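Biologist: Please take a close look at the sheet of the first chain. I would like to know how the strands are ordered and paired, and then how the rest of the model is arranged around that picture.

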Amino acid sequence: MIQIAEQIRSGWCVVEIRGRADAETAEELERALRSAIGQHPKVAADFVAVDYISSAGLRAVLQAGRAAQERQAEFTVCRVRGPVKKVFEVSGMHHVLRIEEDLPC
Amino acid sequence: MAEEVAWFCEENDLDAEVEFDLNLAMEELFTNALRHGGCEGMKEAVQIRLERGEGRVEAQFSDRGPEFNPATVPPPKLELSLADRTLGGLGLHLVRRAMGDLAYCRSEGWNHVSMRRPV
């Protein structure tokens with residue numbers, strides 16, 4: 001189960017994600033992030049309410065990162081917490097994505 | 001599957017971190033069995049056994065796909081750039097980080113992967 005909403009704040013499109021980023025929801029997550037990146041030059045994925053992630057969810061975020069690189073859009077992943085943060089760390093996400101403690105706006 | 005893991009953790013007084021790791025390991029192995037292990041569309045293709053031991057949880061994931069030992073999969077190259085990074089191997093890497101070493105055996109047409117997580 002995943003819920004995704006978008007908000008525009010100070011020139012950033014903030015994609016608020018809530019719930020589980022797993023094999024069942026990864027496609028929806030990737031679609032939402034790609035759509036935001038296609039429409040906005042600055043996109044922040046807010047992970048504060050994500051309580052579970054697996055490699056399928058990470059893959060969705062990595063693909064979004066690639067899409068942002070191709071479009072030369074700014075893409076940042078923010079407020080990753082708890083065990084989800086641990087999964088990001090052991091997967092080396094910080095090598096390839098901009099990960100921030102707080103929202104940029 | 002997540003509901004059953006949650007039930008097992010509640011029954012055995014295991015915390016949210018253990019539940020997270022068990023969920024992660026079981027999802028990754030299940031997804032691999034379906035997508036790469038030839039179990040897609042197969043009836044009763046997988047079995048999961050969770051057992052509470054002294055100071056640990058023992059988990060066994062079994063599937064009826066062709067023989068495949070996940071312990072032979074090399075770790076992913078995490079330091080590569082976004083463009084060069086391949087996405088394979090990440091799931092098994094997460095299983096190892098969550099549960100420790102994987103023990104594998106093949107028996108009567110089943111792959112069995114056993115793990116132990118201290119609690």
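Modeller: What follows starts with the sheet of chain A, strand by strand, and then turns to the chain contact and to chain B.

This is a predicted model. In chain A, five strands form an open sheet in the order E1-E2-E3-E4-E5, and the pairing is mixed. E1 and strand E5 (98–100) of chain A are the edge strands, each pairing on one side only. From one strand to the next, the twist averages 25 degrees.

Take the pairs in turn. Strand E1 (residues 2–9) and strand E2 (residues 12–21) of chain A are antiparallel, with eight bridges between them. Within this pair, A:Glu6 is opposite A:Val15 of E2(A). The hairpin of E1(A) and E2(A) has two residues between its strands, and A:Ser10 takes a positive phi there, near 45 degrees.

The next pair runs in the parallel sense: E2(A) and E3(A) are joined over eight bridges. Here A:Arg18 is opposite A:Ala49 of E3(A). On to strand E4 (residues 74–78) of chain A: five bridges link it to E3(A), and the two run parallel. In that pair, A:Ala45 faces A:Val77 of E4(A) as its opposite residue.

One residue deserves a closer look. A:Asp46 sits in strand E3 (residues 42–53) of chain A. Is A:Asp46 buried or exposed? A:Asp46 has 20 other C-beta atoms within 10 Å, so this residue counts as buried. The cut-off for that class is 20 or more. Which residues does A:Asp46 touch, leaving aside its neighbours within four places in sequence? The contacts are A:Val14, A:Val15, A:Glu16, A:Ile17, A:Cys78, A:Arg79 and A:Leu103. A:Val15 is also the residue opposite A:Glu6. A:Thr76 is 30 residues away from A:Asp46 along the chain, and their C-alpha atoms are separated by 8.7 Å.

Two loop residues come next. A:Arg79, one of the contacts of A:Asp46, lies in the loop between E4 and H3 of chain A. A:Arg79 is not a glycine, yet has a positive phi of about 55 degrees. With 19 other C-beta atoms within 10 Å, A:Arg79 is partly exposed. A:Gln72 belongs to the loop between H2 and E4 of chain A. A:Gln72 is not a glycine either, and has a positive phi of about 55 degrees. Why does A:Gln72 count as exposed? Because A:Gln72 has 7 C-beta neighbours inside 10 Å, and the exposed class takes 12 or fewer.

Now the contact between the chains. Chain A supplies 19 residues and chain B supplies 17 residues. On the side of chain A that touches chain B, helix H2 (55–71), helix H3 (82–90) and helix H4 (93–96) of chain A are the elements that give two or more residues. H2(A) gives the most, with eight residues. By type, this side of chain A holds nine nonpolar, seven polar and three charged residues.

Chain B has an open sheet too. Four strands lie in the order E1-E2-E4-E3, with antiparallel pairing. The edges are strand E1 (46–53) and strand E3 (103–107) of chain B, each pairing on one side only. Neighbouring strands of this sheet are turned by 20 degrees against each other on average, direction ignored. Strand E2 (residues 56–63) and strand E4 (residues 110–118) of chain B are antiparallel over eight bridges. B:Gln60 has B:Ser114 of E4(B) as its bridge partner. Helix H2 (residues 16–35) of chain B packs on the sheet and touches E1, E2 and E4 of chain B. The direction of H2(B) makes about 15 degrees with that of E2(B).

H2(B) also packs with a second helix. The partner is helix H3 (residues 90–99) of chain B, at an angle of about 150 degrees and with the axes 9 Å apart. H2(B) and H3(B) are therefore roughly antiparallel to each other. Their crossing is left-handed. From H2(B), the contact is made by B:Asp21, B:Leu24, B:Ala25, B:Glu28, B:Leu29, B:Thr31 and B:Asn32. From H3(B), it is made by B:Gly91, B:Leu92, B:Leu94, B:Val95, B:Ala98 and B:Met99. The residues of this contact divide into eight nonpolar, three polar and two charged.

Definitions and conventions. Residues are numbered from 1 along each chain as its sequence is written. Chains are lettered from A and ligands numbered from 1 in the order in which they are written. This is a predicted model: local features need pLDDT of at least 70, side-chain atom pairs count only at pLDDT 80 or more; totals for chains, interfaces and linings use all residues. Two residues are in contact if their C-beta atoms, placed from the backbone, lie within 7 Å. Ala, Val, Leu, Ile, Met, Phe, Trp, Tyr, Cys and Pro count as nonpolar, Asp, Glu, Lys and Arg as charged, and the others, Gly among them, as polar. Two strands pair if DSSP finds at least two bridges between them. Axes are lines fitted to C-alpha atoms, for helices over the stretch in contact, and angles run from 0 to 180 degrees between N-to-C directions. Angles under 35 degrees count as roughly parallel, over 145 as roughly antiparallel, 65 to 115 as roughly perpendicular and the rest as oblique. A crossing is left-handed if the near helix is turned anticlockwise from the far one by less than a right angle, and right-handed if clockwise.
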